[in-house]
Amino acid sequence: MPLYIRLSQFRMDLARYEIHRSAEFQFSTFRLRPQASFTMNLREACDTEALLQGPAPDTRIIVCGETTLVPMAAFQEEEVEDIYNFCFPSEQPRRIFFDTLPRANAVLLFSLDELWCTKLEEAFPEARFVSSQTAMLRHFATKDMARPVPRIFAYLYEDVLEISVFEESRLLLCNRFAVHAPQDATYYILSIARAQGLDLRQSPIYLVGGPAGQSEAAVREMLRQYAEQVYCVNPTGEFNRHIVSTTPGVPYDMMTLILNSER
């Protein structure tokens, strides 16, 4: 059964799901101990988490972190490291990856610490790495794309806000911010809308948040003072009460990756 491991700053989300056994979905969360190294955290997770203890011939490592976009027409694989390092300078050894966004006509660059990659590949030799944003951006590119105006998507998780703007299926912008309160998220969303010259009487804003839905609800109320069309996405309804979308705690980016793998 395929294994999904989502890595973020504070947690490791784990899932197993087989397309042809759609009634079976297993999910758990391992809280990373900040005082321990990743090697220690991974060893403890492998010892204590049942989902990590079975065979894993098909493993996806979902990486949360900084990304940058390259237009597909200008993409050259040999330039990936130079572009990413220019955008996000670092002395820490890391591995840089890329995912394609065909509908958006773009390529998404992302990275993961080299030691983390090595330890994960030792534990899961068949592991493949994918950005947490990839499946979401592919999904957003097709969501309400018939609207004749640009659409804003804002995803909130673990003090992070990821904003993307689409015009039909074309990705106009994708950016990531640290946020600590609904006011921060509201400020960044409105700033992006202003910078893009969007008419907030016409352009819809879609908010996706944590499992409890509290963060995006607070942001929605603030945004409604300035924008006429603000919607909180309900994953349960959006994915037709699929077992993945009705399981508590599953991050939206992980959900879209698993469910879009069915298509």
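These legends go with close-up views of the empty spaces in a predicted model.

**View 1. The largest pocket and the residues around its centre.** Here we look into the largest pocket, whose volume is about 620 Å³. Its lining is made up of 26 residues, and those closest to the centre are Ser8, Gln9, Cys64, Gly65 and Trp116.

**View 2. Helix and strand contributions to the lining of the largest pocket.** Two elements to pick out are α1 (38–48) and β7 (106–113), each of which supplies at least two lining residues. β7 gives the most, with 3 residues.

**View 3. The lining of the largest pocket, sorted by residue class.** If you are thinking about chemistry, the lining divides into 14 nonpolar, 6 polar and 6 charged residues.

**View 4. The largest cavity.** Now for the enclosed spaces: the model has 3 cavities of 30 Å³ or more. The largest cavity has a volume of about 50 Å³. Lining this cavity are Gln133, Met136, Leu137, Phe140, Tyr155, Glu162, Ile163, Ser164 and Cys174.

**View 5. Elements and residue classes around the largest cavity.** Both α4 (132–140) and β10 (160–167) supply at least two residues to the lining of the largest cavity. α4 gives the most, with 4 residues. By class, the lining of this cavity has 6 nonpolar residues, 2 polar ones and 1 charged one. Glu162 is among the residues to look for in this view, as are Tyr155 and Cys174.

Notes
Residues numbered from 1 in each chain as written. Predicted model: local features only at pLDDT ≥ 70, side-chain atom pairs only at ≥ 80, totals over all residues. Heavy atoms only, no water. 1 Å grid on protein atoms, 1.4 Å probe; cavity = no way out; pocket = protein on both sides within 12 Å on 5 of 7 lines; lining within 4 Å. Points joined across faces, edges and corners; volume = space filled by probe spheres on them. Nonpolar A, V, L, I, M, F, W, Y, C, P; charged D, E, K, R; others polar.
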